[in-house]
Amino acid sequence: MGISNSSTDTEKVRAAVTYLKSKGFTTEAACGIVGNLIQECNLDPTCVTGSYRGLAQWHSTDLWPDIVQWMQDNGYNEDSFEGQLRAIVEAP
């Protein structure tokens, strides 16, 4: 994917939509998911809002630990834009 936290928002949107489409999402669905991520955290994987963390605002005690473990198992740190985006689709 080749996207990082320091990429521009435009680069993040383009990479996220391209990635989601490569996983079988329609253009409309991919854009809807990315629009939600913009609304949730402005594409900031380090976003913390109360008890929620990351791009998809996973609950910090329910889902976040599993997402962090998945990212570590797949070579990403917990603040990785790319890792969190992949986790949205690929994490169990």
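These are legends for a handful of close-ups of one predicted model. Local features are kept at pLDDT of at least 70 and side-chain atom pairs at pLDDT 80 or more, while totals for chains, interfaces and linings use all residues. Numbering starts from 1 along each chain as its sequence is written, and side-chain values use heavy atoms, leaving out hydrogens and water.

**View 1. The largest nonpolar core, with 15 residues.** A nonpolar core here is a set of buried Ala, Val, Leu, Ile, Met, Phe, Trp, Tyr and Cys residues joined through side-chain atoms within 4.5 Å. Buried means under 20% relative accessible area, exposed over 50%, and partly exposed in between (1.4 Å probe, protein chains only). The members touching the most other members are Leu20, Val34, Leu37, Leu55, Phe81 and Leu85. At least two residues each come from α1 (9-22), α2 (27-41) and α4 (81-90), and α1 gives the largest share, with five. Helices are DSSP runs of H or I with at least four residues, strands are runs of E with at least two, and both are numbered from the N terminus.

**View 2. Phe81 and its contacts.** Skip the neighbours within four places in sequence, and Phe81 touches Ile3, Ser4, Asn5, Lys12, Leu43, Pro45 and Leu55. Contact means heavy atoms within 4.5 Å. A separate core of nine residues lies apart from the largest one, and includes Trp58, Ile67, Trp70 and Met71.

**View 3. Helices α1 and α4 side by side.** Their axes come within 11 Å and cross at roughly 30 degrees. The axes are lines fitted to C-alpha atoms, for helices over the stretch in contact, with angles from 0 to 180 degrees between N-to-C directions. That makes α1 and α4 roughly parallel; the bins are under 35 degrees for roughly parallel, over 145 for roughly antiparallel, 65 to 115 for roughly perpendicular, and oblique for the rest. The crossing is right-handed, meaning that the near helix is turned clockwise from the far one by less than a right angle (anticlockwise would be left-handed). On the α1 side the contact uses Lys12, Ala16, Tyr19 and Leu20, and on the α4 side Phe81, Leu85, Arg86, Val89 and Glu90.

**View 4. Helix α3 (residues 64-73) against α4.** These two pack at about 110 degrees, with axes 10 Å apart, so α3 and α4 are roughly perpendicular. This crossing is right-handed. Trp64, Ile67, Trp70 and Met71 of α3 meet Gly83, Gln84, Arg86, Ala87 and Glu90 of α4.

**View 5. The open sheet, in the order β1-β2-β3.** The three strands pair antiparallel, where pairing takes at least two DSSP bridges between two strands. β1 (48-49) and β3 (58-59) are at the edges with a single partner strand each, so each has one side without a neighbour in the sheet. Two bridges tie β2 (residues 52-53) to β3, and Arg53 sits opposite Trp58 of β3.

**View 6. Loop residues Gly50, Asn42 and Gln57.** Gly50 is in the loop between β1 and β2 and, at 71% relative accessibility, is exposed. From Gly50 to Lys23 is 27 residues in sequence and 31 Å in space, C-alpha to C-alpha. Asn42, in the loop between α2 and β1, has a positive phi near 55 degrees without being a glycine. Gln57 is not a glycine either, and its phi is positive at about 55 degrees. Gln57 is in the loop between β2 and β3 and counts as buried at 9% relative accessibility.
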